[in-house]
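Reader: I'm in my first year and still learning to read these pictures. Could you pick one spot and take me through it slowly, along with whatever surrounds it?

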Amino acid sequence: MERHAPEPTFTLEGWQVLHDFRTLDFPAWMAAPKEERAAAWEELKGLLGAWRALEERGLGLSRVYQVVTTKADLLFLHFREDLDALLEAEEKLNKSRLARFLRPAYGFYSVVELGSQTGPLDPEAPYIKPRLRPRVPEGGYVCFYPMNKRRQGADNWYLLPAKERAELMKAHGETGRKYQGKVLQVISGAQGLDDWEWGVDLFSEDPIQFKKIVYEMRFDEVSARYGEFGPFYVGRHLSPEALARFLEV
């Protein structure tokens with residue numbers, strides 16, 4: 001049997017990412033005294049303001065989304081420079097008054113990643129930094145899902161030669177470029193950090209574009225043969241004003 005010669009992917013890492021999905025106990029929240037809800041909202045507004053100030057300093061960003069279906073009610077999405085900053089964002093929400101009415105629904109920790117199968121990327125190339133520190137839109141919709149590359153029998157991504165992996169990923173990328181201007185895609189690596197190997201975030205003004213791009217990409221060999229996908233979460237961005245309406249405060 002021919003011995004496999006490892007040819008790992010070359011990666012560059014950027015912002016670290018926390019997907020913090022929560023379920024809101026609506027009966028308890030709506031039954032709480034008006035004063036308690038108002039105090040919880042004022043405290044949450046303070047958190048939102050601190051997150052905004054951090055974004056203005058270029059140290060990360062945070063977005064809040066209302067999630068469809070019973071998988072979750074809210075997504076607090078954080079991009080930060082390191083794990084300590086993510087832990088701080090999570091801790092402050094956990095210690096807030098609103099947290100008394102929130103229940104964990106799902107969480108995912110990963111790092112924004114750019115990969116090359118055939119050689120190191122140039123970290124000084126002008127297109128690199130914006131992709132490692134993406135500008136997530138304020139508005140529209142998000143679709144998040146985790147994924148793996150298959151390791152089963154003949155369909156083992158990690159046993160493929162680097163050149164073959166590169167050709168498959170190039171074809172996959174060409175499909176994605178058809179949606180430029182319609183969908184912003186952010187890929188984050190989670191190998192050794194979470195239960196899945198990657199997280200994928202799609203951002204668009206039209207959620208139907210999520211269906212179209214994912215469906216079309218399923219026909220690419222890299223997905224059809226080697227892709228394994230976890231649960232999908234879709235939500236609508238909430239500005240502070242929209243979040244206040246959602247909470248009825």
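Author: Here is a close look at one residue, followed by a walk outward from it.

A quick word on the ground rules: this is a predicted model, where local features need pLDDT of at least 70, side-chain atom pairs count only at pLDDT 80 or more, and totals for chains, interfaces and linings use all residues. Residues are numbered from 1 along each chain as its sequence is written, and side-chain values use heavy atoms, with hydrogens and water left out.

Our spot is Gln-117, in the loop between strand 4 (102-116) and helix 4 (128-132). Helices (H or I, at least four residues) and strands (E, at least two) are DSSP runs, numbered from the N terminus. So is this loop residue buried or exposed? Gln-117 counts as buried, because its relative accessibility is 13%. The cut-offs are under 20% relative accessible area for buried, over 50% for exposed, and partly exposed in between (1.4 Å probe, protein chains only).

Who keeps Gln-117 company? Skipping neighbours within four places in sequence, Gln-117 is in contact with Thr-9, Trp-157, Ala-162, Arg-165, Ala-166 and Met-169; contact means heavy atoms within 4.5 Å. Two of these partners also make side-chain polar contacts with Gln-117: Arg-165 at 2.6 Å and Thr-9 at 2.9 Å. (A polar contact is a pair of N or O atoms within 3.5 Å; within protein, one must be able to donate a hydrogen and the other to accept it, and residues adjacent in sequence count only if both atoms are side-chain atoms.) Thr-11 is 106 residues away along the chain, yet the C-alpha atoms of Gln-117 and Thr-11 are separated by 8.8 Å.

Now follow Arg-165 into helix 5, which covers residues 162-177. Helix 5 packs against helix 6 (residues 208-217) at an angle of about 155°, and their axes are 10 Å apart. Axes are lines fitted to C-alpha atoms, for helices over the stretch in contact, and angles run from 0 to 180 degrees between N-to-C directions. That angle is why helix 5 counts as roughly antiparallel to helix 6: under 35 degrees is roughly parallel, over 145 roughly antiparallel, 65 to 115 roughly perpendicular, and the rest oblique. The residues that meet are His-172, Thr-175 and Gly-176 from helix 5, with Ile-213, Glu-216 and Met-217 from helix 6. By class, that makes 2 nonpolar, 3 polar and 1 charged residues.

Back to Trp-157, because it leads somewhere else. Lys-149, in strand 5 (residues 141-149), touches Trp-157 too, along with Tyr-158, Glu-197, Trp-198, Val-222 and Tyr-226, not counting residues up to four places away in sequence. Its charged side chain might make you guess otherwise, but Lys-149 counts as buried, at 8% relative accessibility.

Glu-197 and Trp-198 carry us on to Ser-188, since Ser-188 touches both, with Val-17 and Ser-110 also among its contacts. Ser-188 is part of strand 8 (residues 184-189) and counts as buried at 1% relative accessibility. The side chains of Ser-188 and Ser-110 are joined by a polar contact of 2.7 Å.

Terms used:
Nonpolar A, V, L, I, M, F, W, Y, C, P; charged D, E, K, R; others polar.
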